[in-house]
Amino acid sequence: MNGNLARELANLLSPEQVVTIGPELRAALQDGTGNRGIKGEAEALLLPADAEEVAEVMAWCYGHGVPLTVRGGGTGLAGGAVPDGGVVLSLERLARVRSIDPELWRMEVEAGVRTATVHRIALENGLMFPPDPGASEQSTIGGNIATNAGGPHAFRYGVTGAWVTGIEAVVPPGEVLSSGGPLRKNVAGLDLTDLMIGSEGTLGIVTSAWLRLVPAPEERGVVVGFYPDTASGCEAIGMIMGSGIQPTALEFLDRGALESSLGSFPSEAPEQAGFAVIAEADGSAGEVNQAVGDLEEAMAGGALQPPVRITDHVAIRNFWAWRDGVSIAVTAQRGGKISEDVVVPVESLAAAVDETVEIGRRHDLPACSWGHAGDGNLHSSFLVDLADDDQMKRGGAAAAEIFEMAIRLGGSISGEHGIGSLKTGHVEAALGPVAVRLQAEIKRVFDPKLLLNPGKKIPLP
Ligand SMILES: Cc1cc2nc3c(=O)[nH]c(=O)nc-3n(C[C@H](O)[C@H](O)[C@H](O)COP(=O)(O)OP(=O)(O)OC[C@H]3O[C@@H](n4cnc5c(N)ncnc54)[C@H](O)[C@@H]3O)c2cc1C
């Protein structure tokens, strides 16, 4: 960007809202894929403070033909917020809670509000915002909406989109769109709110959202079962689902994930476990007591020891902190990992878990998986030394086979993290030519100059 354009931007916002040099700009060139060595380039980081400033910046970019990459908390795992030239627009200053109506179970927040802040505010009002992607202290509501983020409790409560009733967004060439609102139902017109959800910053910039909340459950209870292998663990998952109990979360870890993380498991666990199943129930004290008992019964068959029961509030918090740390524990084995988030029909989970290890073996890389068993969503991971080019190359080839496996098993290439820049090459195989053509046409309707997050999500001919 030449000096004149930087000065124009500084006039549009204020000089301190236009960062053209230094660590803040450098940090904005990466997201959660930084540990895979993925880094972009941009000429400036812009820090608008409200929707009107976002609209002015977009109008300026449209007028000057400058690409614009939107950024929330930068925790994305698909390279979606990594810029490929132009400017990065951070939503971190749009961090106001516009309204909260506890008695009506809803709040309106700006896009830069952190996920954990929404959780805390809801809880202080006796309510719950269920979507719980990891890294919640850093990720933002805007980023969660843009990726339609999930998390462990999506099994019972659904992903982010299920909790968004309306959005305000800035769309090219710089107009503010209001879609939906504090409405629990709305079928007027095509559903632009739903179209924006999961669009990864390629159609518009979400500046605020109306969120639906529910009364927080009185109690929770977690049950963890350990099994000798994938087959017996997946049989227990089938027993839970077939028994009619509806857990809030239904998670798994395979042998490799357990080997990395079991050392810090906050309760007693067998040393040689080949598979773990985690189930959580919530409700009144009586409901939880009943559900936990039923889960223990359903999970006992084939287990290496009686399932572990966790009902104390602090112990449950510590347990989920351990679960959040699994990804880091796996990464620590070799310093890096290439990890995908494919999804398969739940009855194919065992095949996908075992084939992940087999693919790793073929590429001479340790492999493991863990994730959201009830949703058939697995984080298939290959452990790599980031400085070893050969390992990185083999890891990339193994990841491509994971996508092929997911499609073959009737699944999809992403259940959570989105397409970003990393998976665009696999979209056509996953969706087929008709869907790809329609998506490209929708992209052109919203963003005719193709300046919004170019190269991400939607493959363009
Ligand atoms: C340790 C860890 C655990 C994770 N666990 C989960 C999990 O359980 N489930 C899950 O789904 N994900 C998970 N993730 C991925 C990530 O946290 C989520 O995708 C999260 O929702 C991204 O939010 P963000 O604010 O960091 O977005 P960013 O990384 O900043 O951006 C993500 C994408 O959204 C776009 N975007 C951001 N803000 C906006 C906006 N306001 N308007 C339009 N587009 C926007 C960006 O351009 C980019 O394409 C995890 C990541 C980490 C590092």
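Here is a short back-and-forth on how some labels in this predicted model are reached.

Reader: What kind of model is this, and what counts in it?
Author: It's a predicted model: local features need pLDDT of at least 70, side-chain atom pairs count only at pLDDT 80 or more, and totals for chains, interfaces and linings use all residues. Residues are numbered from 1 along each chain as its sequence is written, and side-chain values use heavy atoms, with hydrogens and water left out.

Reader: What makes a residue part of the group that surrounds the ligand?
Author: One of its heavy atoms has to lie within 4 Å of the ligand. The ligand has 33 residues around it, and Val70, Thr75, Gly76, Thr140 and Asn144 are the closest.

Reader: How do you know that Val70 makes a polar contact with the ligand?
Author: A polar contact is a pair of N or O atoms within 3.5 Å; within protein, one must be able to donate a hydrogen and the other to accept it, and residues adjacent in sequence count only if both atoms are side-chain atoms. In Val70 a backbone N or O atom sits 2.6 Å from a ligand oxygen, so the pair qualifies. Asn144 uses an N or O atom of its side chain, again 2.6 Å from an oxygen of the ligand. For Gly201, a backbone N or O atom is 3.4 Å from a ligand nitrogen. As for cover, the ligand alone exposes 970 Å², and the protein buries 91% of that (Shrake-Rupley method, 1.4 Å probe; for residues, only the protein chains shown count as cover).

Reader: Why is the ligand said to lie between two domains?
Author: Domain 1 (3-90) and domain 2 (97-215) both supply residues to its shell, so it lies between them; the bounds come from an automatic or database domain assignment.

Reader: Which helix or strand gives the most to that shell?
Author: That's α5, with five residues. Helices (H or I, at least four residues) and strands (E, at least two) are DSSP runs, numbered from the N terminus. β3 (68-71), α5 (141-147) and β10 (205-212) each put in at least two residues.

Reader: How do you know that there are zero disulfides?
Author: A disulfide is a pair of cysteine sulfur atoms within 2.5 Å, and a search of the whole structure turns up zero. Take Cys234: the closest cysteine sulfur, in Cys368, is 15 Å away, so that's too far for a bond.

Reader: Why is Cys234 called buried?
Author: Buried means under 20% relative accessible area, exposed over 50%, partly exposed in between (1.4 Å probe, protein chains only). Cys234 has 16%, so it's buried. Cys368 is at 3%, so it counts as buried too.

Reader: What makes Asp375 partly exposed?
Author: Its relative accessibility is 30%, so it falls in the in-between class. Asp375 belongs to the loop between β17 (367-372) and β18 (377-384).

Reader: What makes the phi of Asn148 worth a remark?
Author: Phi there is near 50°, a positive value in a residue other than glycine. Asn148 is in the loop between α5 and α6 (154-157), and at 23% it is partly exposed. Glu200 also has a positive phi, near 55°; that residue sits in the loop between α7 (192-196) and β10 and is buried, at 8%.

Reader: Which peptide bond is cis, with omega near 5°?
Author: The one from Pro172 to Pro173. Pro173 is in the loop between β8 (164-171) and β9 (175-180).
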